[in-house]
Amino acid sequence: MSRVEDRLLELGLSLPPVAIPLAAYVPAVRHGGLVWTSGQLPIVDGVLVATGKVGAEVDPDVAPALAKICALNALAAVRSAVGDLDEVIRVVKVVGYVASAREFTGQPAVVNGASNLLGDVFSSAGTHARSAVGVAALPLDAPVEVEIVVAVAES
Amino acid sequence: MVDAAGIEKLVGNVAETIRRLERGEQRPTVARNASTVILARDGEHGLEIYLLRRAASMSFAAGAFVYPGGSVDERDCDLADGAWVGPPPAQWARTLSSSEAVARELVCAAVRETFEESGVLLVGPDAERVVEDLSGADWEADRLALLDRSVSMAELLTRRGLVLRADLLFAWAHWITPDVETRRFDTRFFLAALPDGQRTRNVGGEADQVAWVRPGEAVAASERGEMLLMPPTLTTLRELAGFASVANLLAVARTRDVVTVHPKLIIDDNGKVAFLTPDDPRYPGSLPG
């Protein structure tokens with residue numbers, strides 16, 4: 001098993017199978033030294049584990065864990081494109097979308113659930129540029145969606 | 001958020017204690033390690049949580065609806081490694097940010113208190129199975145023996161040849177009672193699904209009422225003033241209200257990072273007692289904005 005996946009196990013986590021795309025796209029694309037993932041939802045074993053807007057149906061204190069699940073699914077998508085997460089040399093960019101209640105402005109704390117996981121897994125190579133965006137609605141009424149861009153060793 | 005009247009109902013008039021602590025004339029009471037367990041099941045209309053109402057005679061939180069739980073007992077650490085399956089104490093220590101010895105006690109206390117206060121027992125003959133029919137008089141005798149401390153969890157498991165299923169518990173929250181209170185607890189909130197085949201039983205004793213409730217309905221009842229909930233219970237029920245099923249909740253519990261909440265009671269600019277959690281901008285040391 002890879003070093004990165006060993007680290008996930010230490011954190012009490014494991015990499016899920018890659019999520020099946022909902023429409024006409026692929027989970028991740030490698031182009032040159034970068035891998036771009038599609039937006040990932042908080043889906044576990046094929047089930048969206050929460051629905052609704054953060055700050056309304058979904059408590060803001062729960063939402064970071066949902067972003068963390070999205071990030072795990074994004075890592076699974078990266079692995080599907082490169083074969084081994086040990087190939088990742090840098091997390092470049094994270095974009096987190098938060099389906100937000102009208103008055104909710106805590107999107108950064110929500111997306112920290114994804115950012116902190118990437119830091120825990122990749123240490124300093126896990127630091128990244130980021131956008132955390134509040135949106136009106138996400139597919140399937142998901143509360144959070146996360147996509148990542150990582151740099152991989154050029155083969 | 002808890003209003004001033006709500007605070008008085010919960011902790012009485014604490015303004016003088018707050019001032020004495022602020023002036024350094026009084027030290028906070030030491031908080032005792034405690035475990036509490038949020039039992040969840042899939043009901044007819046969705047996720048349901050088990051709550052019991054603390055009898056009016058109780059010295060702490062009388063009349064409040066709470067999850068089963070209580071302080072660590074000195075014999076909760078007696079559990080042998082062979083009587084434990086699931087994540088080992090060392091892994092729980094990382095999850096709970098505690099020492100290994102304390103983690104062992106907290107997990108054992110969680111299982112013991114759940115049995116004492118709900119009749120649900122998170123143990124089994126092996127790592128795959130859970131005890132099912134606990135309706136017999138012998139199990140009730142064991143529950144009462146645990147309650148009066150004449151038998152320890154370790155003794156019970158050894159005699160019955162069972163193992164504690166630490167894999168059925170998930171860490172969910174960590175609350176430390178405000179410094180001004182005289183009875184203080186350092187409490188880990190665990191989450192567990194009601195095991196198949198088990199039922200909660202009428203437990204009597206410290207509880208005068210038990211109920212399976214929809215978390216959102218309990219929050220609404222509390223907001224209408226019809227149900228007394230302490231801040232950690234109210235906060236966690238709000239967190240649970242968005243989940244449609246036990247499976248969804250457990251999936252999130254597996255990944256959730258537990259944040260310690262140590263609320264403070266202060267006297268605000270209007271001279272009123274205010275209950276602050278760390279996300280409140282008035283919480284001492286919190287970042288502006």
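## A walk through a predicted two-chain complex

Let us begin in chain A, where strand E5 (residues 88–99) and strand E7 (residues 144–152) run antiparallel and are joined by nine bridges. To find the pairing on your screen, look for Lys93(A), which stands opposite Val149(A) in E7(A). Please keep in mind, as you go, that this is a predicted model.

E5(A) has another partner too. With strand E6 (residues 129–135) of chain A, E5(A) pairs in the parallel sense, over seven bridges. Here a handy landmark is Tyr97(A), which stands opposite Val133(A) in E6(A). Both senses of pairing are therefore at hand around this strand, and in general the strands of a sheet pair through backbone hydrogen bonds, either parallel or antiparallel. Now follow the chain from E5(A) to E6(A) by way of helix H3 (residues 107–122) of chain A: these three elements make a right-handed β-α-β unit.

Stepping back to chain A as a whole, you can count three helices and seven strands. Their order along the sequence is α-β-β-β-β-α-β-α-β-β. The radius of gyration of chain A is 15 Å, close to the 15 Å that the globule rule gives for 155 residues, so chain A is as compact as a globular protein of that length. Taken along the principal axes, its C-alpha atoms fill a box of roughly 45 × 35 × 25 Å. Of the 155 residues in chain A, 42% are buried. If you take the contacts in chain A between residues at least 6 apart in sequence, 81% of them join residues at least 24 apart.

Next comes chain B, with nine helices and 13 strands. Its radius of gyration is 19 Å, close to the 19 Å from the globule rule for 289 residues, so chain B is as compact as a globular protein of that length. The C-alpha trace of chain B spans about 60 × 40 × 40 Å along its principal axes. Buried residues account for 38% of the 289 residues here. Among the contacts in chain B between residues at least 6 apart in sequence, 72% link residues at least 24 apart.

For a closer look at chain B, try the open sheet of three strands in the order E5-E7-E6, in which the pairing is mixed. Its edge strands are strand E5 (84–85) and strand E6 (123–124) of chain B, each of which pairs on one side only. E6(B) runs antiparallel to strand E7 (residues 163–165) of chain B, and two bridges join them. Within that pair, Val123(B) stands opposite Leu164(B) in E7(B).

Finally, let us see where the chains meet. The contact takes 16 residues from chain A and 11 residues from chain B. On the chain B side, helix H3 (89–96), helix H8 (231–240) and helix H9 (246–255) each supply at least two residues. H9(B) gives the most to this side, with four residues. By character, the chain B residues that touch chain A divide into three nonpolar, five polar and three charged.

How confident is the predictor in all this? For the complex, the predictor gives an ipTM of 0.88 and a pTM of 0.91. Chain B has a mean pLDDT of 89, and 94% of its residues reach 70 or more. As a general caution, predicted coordinates should not be read in detail where pLDDT is low.

Note on methods. Residues numbered from 1 in each chain as written. Chains lettered and ligands numbered in written order. Predicted model: local features only at pLDDT ≥ 70, side-chain atom pairs only at ≥ 80, totals over all residues. Contact = placed C-beta atoms within 7 Å. Nonpolar A, V, L, I, M, F, W, Y, C, P; charged D, E, K, R; others polar. Rg over C-alpha atoms; globule rule 2.2 N^0.38 Å. Buried ≥ 20, exposed ≤ 12 C-beta atoms within 10 Å, placed from the backbone. Pairing = 2+ DSSP bridges. Right-handed = clockwise from strand over helix to strand, strands pointing away. pLDDT = per-residue confidence, 0-100.
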